[in-house]
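Good morning, colleagues. I should like to speak today about aromatic rings and the charges that sit over them. Please look at the sequence and the structure together.

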Amino acid sequence: MVCPRCIRTVRQLLDRYSIAYRDVQLGKVELLTPLSATEIETFEKALLQEGFELTGDLQSSKVETIRLAIIEWARMSGERPLLSDFLRARMLKDYSSISKLFSQMNSMSVERYAILQRIEYAKELLSYGDRSISEIAWELGFSSPAHFSAQFRKETGMSPRQFIALRDKDRIPIDRI
């Protein structure tokens, strides 16, 4: 699951500050009425204390939408569309402009971010211990278990088996990638 606690935390903050809202989704809050500058500042400070940040400008909002779409794509089971096709359909823009915007606003490409998300999801699945490496490779949409293992090793410096053997699994929260 992609952070239902995040949604719950934001809802609790909105309620605490008596901010009327229609809906809260990952990376997006739909308010019933606009906030004053003071209310925005107060709410932004509360969000920062919880490890969140307020994105207000249009480009930041688009990048957040791209980021959430990549997370969704990375967590799809089995066969999945090409990332470029998925983002193009989701954003209703050509992939080159999506990729360019994401790269300008972040320190990595869309493709790199997608790889990191898939590897973090792989770590999560490996930590559960209820599926084989081959099953996880297929679930994550890798062409083969060998390709998955090679990608995992490239990103983490260890094989999936070595990761499973670790007592303390080194995982990165989704919003820290």
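Which residue lies over the face of Trp-73? In this predicted model, that residue is Arg-80, placed 5.0 Å from the ring centre. A second arginine also lies over a ring: Arg-118 is over the face of Phe-142, at 4.0 Å from the ring centre.

Let me turn to rings that pair with other rings. A pair of this kind is described by the distance of the centres and the angle of the planes. The count here comes to four aromatic pairs. In one of them, Phe-102 and Tyr-113, the centres are 5.4 Å apart and the planes stand at 55 degrees; the pair is therefore tilted, since edge-to-face requires over 60 degrees. Phe-102 belongs to helix α5, residues 95-105, and Tyr-113 to helix α6, residues 110-128, so that distant parts of the chain, 11 residues apart, are linked. Phe-102 is buried, with a relative accessible area of 1%, and Tyr-113 is buried at 2%.

Next, consider Phe-152 and Phe-163. Their ring centres lie 5.7 Å apart with the planes at 70 degrees, so this pair is edge-to-face. Here too the pair links distant parts of the chain, 11 residues apart: Phe-152 sits in helix α8, residues 145-156, and Phe-163 in helix α9, residues 160-165. Phe-152 is buried, with a relative accessible area of 0%; Phe-163 is buried as well, at 1%.

Finally, ring pairs join Phe-152 and Phe-163 with Phe-142 and Phe-148 in a cluster. Phe-142, one member of that cluster, is the ring over which Arg-118 lies.

Key
Residues numbered from 1 in each chain as written. Predicted model: local features only at pLDDT ≥ 70, side-chain atom pairs only at ≥ 80, totals over all residues. Heavy atoms only, no water. Phe/Tyr/Trp six-rings, centres within 6.5 Å; stacked < 30°, edge-to-face > 60°. Helix = DSSP H or I, 4+ residues; strand = E, 2+ residues; numbered from the N terminus. Buried < 20%, exposed > 50% of the residue type's maximum accessible area, 1.4 Å probe, protein only. Lys NZ or Arg CZ within 6 Å of the ring centre and 35° of its normal.
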